[in-house]
Amino acid sequence: NKASDFLAAPQAGTGELQVIVSGAAQQAGWYTGAVSAEIISVNGGAVLYSLDGAAYLPYEGPISITGEGVHIVRAQDSTGAMTTVAVAIDTAAPLVSASVLSPVGPGGVSTGVVNLEVSAIDPGGSGVQTLVYTSAAIPGSPVTVNGRTATIALDQSGTTIVTFWATDAAGNTSATGSITVVIDNLPPAVTASIAPPPNGAGWSN
């Protein structure tokens with residue numbers, strides 16, 4: 001979800017309140033680090049605030065906001081003016097993994113087409129935006145897929161290494177993962193020989 005999905009419209013009152021949010025780099029409405037929220041009452045009245053549904057407290061200075069997810073700051077002053085602001089924080093990069101969906105033969109060698117699934121989760125909350133995977137055996141590499149899962153079909157004989165990574169909506173990029181697949185789609189090569197070899201006339205004893 002985008003942070004904008006959680007924003008509430010300021011509530012009209014007899015005064016005016018402003019909440020000024022500052023912090024780490026922001027992308028798609030998500031901050032990637034700690035945030036500071038400053039509340040300004042235009043009419044100079046006393047201000048109370050509530051963070052994430054807690055009891056209202058007197059506002060005495062900038063509020064430090066940390067932790068993954070969407071945080072809700074509510075403020076009101078002595079004139080009855082009220083405002084609500086959502087602050088979305090995602091500092092955690094996605095986690096990626098891959099698995100082989102097709103049966104694997106003896107010794108870890110597969111035959112035919114091998115299907116892989118690459119997937120990612122985002123513990124920070126902004127959601128996986130893209131997956132990227134690449135390999136010398138995959139035409140058009142690197143391939144970018146929107147979303148948190150991708151299925152890859154491989155059929156090239158030999159050892160194939162697929163590397164992959166993910167980026168979330170906040171711009172955090174995961175560590176690179178990899179998976180190795182061994183495929184043998186080549187028929188055996190058959191040869192024959194005669195022992196002892198025939199003589200010059202083509203006869204064997």
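Colleague: What radius of gyration does the protein chain have, and what would a compact globule of 205 residues have?

Modeller: The protein chain has 30 Å, while a compact globule of 205 residues would be near 17 Å. Keep in mind that this is a predicted model.

Colleague: And what does the C-alpha trace span along its principal axes?

Modeller: About 120 × 25 × 20 Å.

Colleague: OK, how many helices and strands are there in the chain?

Modeller: There are 17 strands and 0 helices.

Colleague: Which strands form the open sheet, and in what order?

Modeller: The order is S2-S3-S9-S8-S5-S6, so to speak from one edge to the other, with 6 strands and mixed pairing.

Colleague: Which strands stand at the edges?

Modeller: Those are S2 (26–27) and S6 (57–58). Each has a single partner strand, so one side of each is left without a neighbour in the sheet.

Colleague: Back to S2 for a second. In what sense does S2 pair with S3?

Modeller: Antiparallel, over 2 bridges, with S3 covering residues 30–31. As for individual residues, glutamine 26 has tyrosine 31 in S3 as its bridge partner.

Colleague: Changing topic: what share of the residues count as buried?

Modeller: In the protein chain, 34% of the 205 residues do.

Colleague: How about the exposed area, what do carbon and sulfur atoms supply?

Modeller: They supply 55% of the roughly stated total, which is about 11300 Å².

Colleague: Last one: what part of the contacts with a separation of 6 or more comes from residues 24 or more positions apart?

Modeller: Such residues account for 56% of those contacts in the protein chain.

Note on methods:
Residues numbered from 1 in each chain as written. Predicted model: local features only at pLDDT ≥ 70, side-chain atom pairs only at ≥ 80, totals over all residues. Heavy atoms only, no water. Pairing = 2+ DSSP bridges. Helix = DSSP H or I, 4+ residues; strand = E, 2+ residues; numbered from the N terminus. Rg over C-alpha atoms; globule rule 2.2 N^0.38 Å. Buried < 20%, exposed > 50% of the residue type's maximum accessible area, 1.4 Å probe, protein only. Contact = heavy atoms within 4.5 Å. Areas by Shrake-Rupley, 256 points an atom, 1.4 Å probe, with all protein chains shown as cover.
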